[in-house]
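Q: Could you take a close look at one part of this model for me, and then follow the threads that lead out from there? I would enjoy a connected walk through the details.

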Amino acid sequence: MNNAELTALRAGNVPRGVPATAPVYVARAKNALVTDVEGREYVDFAAGIGVMNVGHCHPKVVEAVKAQADLYSHTCFGLVGYESYLRLAEKLNQHAPGDSAKRTFFVNSGAEAVENAVKVARYATGRKSIIAFEDGFHGRTFMTLSLTSQVSPYKIGFGPYASDIYRIPYAYCYRCPLALTYPACGCECANLLQNAFDKHVGAEDVAAVIAEPVQGEGGFIVPPPEYMGRIKKICEDHGILLIADEIQTGMGRTGKWFAMEHWGVAPDLMTTAKALGAGFPLAGVTGRQDIMDTVHPSGVGTTYGGNPTACRAGLAVFDIIEGEGLLERATVLGDRIRSRFKALQKHYPVIGDVRGIGAMAAIELVEDPETKKPAGDLAKAFRAALYANGVINVGAGTYHNVVRVLVPLTIEDDTLARGLDIVEETFAQVSASPAGS
Ligand SMILES: Cc1ncc(COP(=O)(O)O)c(C=O)c1O
């Protein structure tokens with residue numbers, strides 16, 4: 001079937017609530033190239049939203065998965081254990097930031113990992129409240145949707161939401177919540193957490209603060225160097241746990257195993273998913289042993305969590321990131337992408353901000369660089385044209401005006417250059433009045 005026929009099949013069978021960015025259906029994919037059912041090739045600048053860090057069909061992942069499929073596909077870890085679960089837990093415990101002893105258990109999706117991190121935090125502290133951030137994203141189940149900030153399309157019409165969740169502004173420097181400028185501001189926004197204890201919820205009721213070290217869905221918002229340390233210190237002063245949601249930022253994406261390392265902060269609990277399983281549903285909750293082991297036996301768990309095939313894929317991912325120097329590569333790729341974007345910004349003032357860290361790179365589009373009015377329509381047109389020109393891409397931002405790049409960390413130089421050339425040509429195509437040309 002061709003793309004049009006599959007689009008019709010979809011329309012007749014799948015509800016419209018399921019996202020559909022472009023009428024493109026995959027036939028096969030290899031590293032950073034995706035070929036559709038009509039034989040058209042696309043450069044993959046989305047990597048399945050930060051999942052395929054080691055590229056599509058990496059031979060080591062394929063080999064591990066095939067070998068596992070021949071042995072057994074499911075026992076339920078709680079009934080009959082297997083070594084790959086234990087080895088992968090060991091890997092995460094070794095690589096998670098901080099020196100304290102760690103423990104890890106597995107679930108199926110990012111949202112499920114966040115749900116469980118909240119359960120553990122509440123259990124361990126005996127407190128009920130959670131503080132999350134504006135522009136944060138933690139998933140679409142009810143607890144995680146309650147933590148998620150963005151209203152449209154995620155929250156609108158789905159309430160009521162979980163109680164005892166409070167939200168404070170994040171360190172979004174381009175749109176500073178306090179209308180200050182870094183570094184003169186002294187990172188004042190970190191004090192909004194302290195402020196919340198007077199205005200929203202008593203500190204002694206707060207189990208955890210949950211933060212993405214770099215906000216993903218929010219638009220690749222990177223806080224200043226001192227921010228996370230300040231947040232952690234305030235948490236510690238009040239016996240509050242810090243949960244790092246590393247679902248999008250983890251597994252080498254930012255040039256470190258986990259993004260919190262950039263801030264020198266060891267979270268008490270950490271969630272992983274996406275790139276951990278290289279496309280096989282897998283998510284983890286990793287945390288300090290003294291916290292994780294408070295929960296009574298069978299207090300957490302799930303039928304499929306830590307599925308054997310996904311765990312084998314996860315072990316291959318660790319092996320590939322280590323063996324192919326992908327942490328260093330993430331930094332090189334991100335610098336290269338951002339420098340091309342910065343060059344583009346000189347010609348197009350509607351590119352209000354170029355930002356990111358490691359291989360998270362984004363542009364935020366505005367109608368006017370002075371007013372910073374979000375240019376959501378331009379972003380939409382740009383993204384559609386990118387698809388039409390052969391680049392798979394993903395948007396972001398509360399105002400839908402951010403285009404983020406999440407290339408596989410294994411992308412070849414020439415494929416990256418090809419994708420970036422298309423980005424430049426496409427931007428010229430969609431922006432009516434480029435300044436300076
Ligand atoms: C930071 C973060 N947390 C949680 C999630 C939810 O993960 P999942 O879609 O696997 O439930 C996502 C997904 O984009 C995410 O980026």
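A: Happy to, and the part to start from is strand β10, residues 283-288 of this predicted model. Of its 6 residues, 5 are buried, so β10 is largely enclosed by the rest of the structure. Two neighbouring strands pair with β10. Strand β4, residues 102-107, runs antiparallel to β10 and is joined to it by 6 bridges; within that pairing, Lys102 has Arg288 as its bridge partner. Strand β9, residues 269-272, is also antiparallel to β10, with 4 bridges between them, and here Thr272 stands opposite Gly284. As a general reminder, side chains in a regular strand alternate between the two faces of the sheet.

Between β9 and β10 there is a loop, and Lys274 lies in it. This residue deserves a pause. Its phi is near 35°, a positive value in a residue other than glycine. Most residues other than glycine have a negative phi. With a relative accessibility of 24%, Lys274 counts as partly exposed.

Lys274 also takes us to the ligand, since one of its polar side-chain atoms lies 3.0 Å from a ligand oxygen. The protein covers 81% of the 390 Å² of accessible area that the ligand has on its own. Besides Lys274, the residues around the ligand include Ser109, Gly110, Phe137, His138, Glu212 and Asp245. Two further polar contacts are worth displaying: a polar backbone atom of Ala111 is 2.8 Å from an oxygen atom of the ligand, and an N or O atom in the side chain of Gln248 is 2.9 Å from a ligand oxygen.

Going back to β4, you can pick up an aromatic thread. Ring pairs link Phe106 with Tyr72, Phe77, Tyr82 and Tyr85 into a cluster. The whole structure holds 13 aromatic pairs. One of them is Phe77 with Tyr82: the ring centres are 5.5 Å apart and the planes meet at 80°, so this pair is edge-to-face. Phe77 is partly exposed at 24% relative accessibility, while Tyr82 is buried at 5%. Another edge-to-face pair is formed by Phe382 and Phe427, with centres 4.9 Å apart and planes at 80°. That pair links distant parts of the chain, 45 residues apart, with Phe382 in helix α13 (residues 376-389) and Phe427 in helix α14 (residues 413-430). Both of these phenylalanines are buried.

Rings also meet charges here. The charged end of Arg40 sits over the ring of Tyr42, 5.0 Å from its centre, and the charged end of Lys155 sits over the ring of Tyr161, 5.0 Å from its centre. Just before Tyr161 comes a backbone detail: the peptide bond from Gly159 to Pro160 is cis, with omega near 5°, and Pro160 is found in the loop between α7 and β6. A cis bond also joins Tyr182 and Pro183, with omega about 5°; Pro183 lies in the loop between β6 and α8.

Lastly, consider Ala47, whose phi, like that of Lys274, is positive: its value is near 50°. Ala47 is found in helix α2, residues 47-50, and at 0% relative accessibility this alanine counts as buried.

Notes: Residues numbered from 1 in each chain as written. Predicted model: local features only at pLDDT ≥ 70, side-chain atom pairs only at ≥ 80, totals over all residues. Heavy atoms only, no water. Buried < 20%, exposed > 50% of the residue type's maximum accessible area, 1.4 Å probe, protein only. Pairing = 2+ DSSP bridges. Phe/Tyr/Trp six-rings, centres within 6.5 Å; stacked < 30°, edge-to-face > 60°. Lys NZ or Arg CZ within 6 Å of the ring centre and 35° of its normal. Near = heavy atom within 4 Å. Polar contact = N/O pair within 3.5 Å; in protein donor to acceptor, adjacent residues only side chain to side chain. Areas by Shrake-Rupley, 256 points an atom, 1.4 Å probe, with all protein chains shown as cover.
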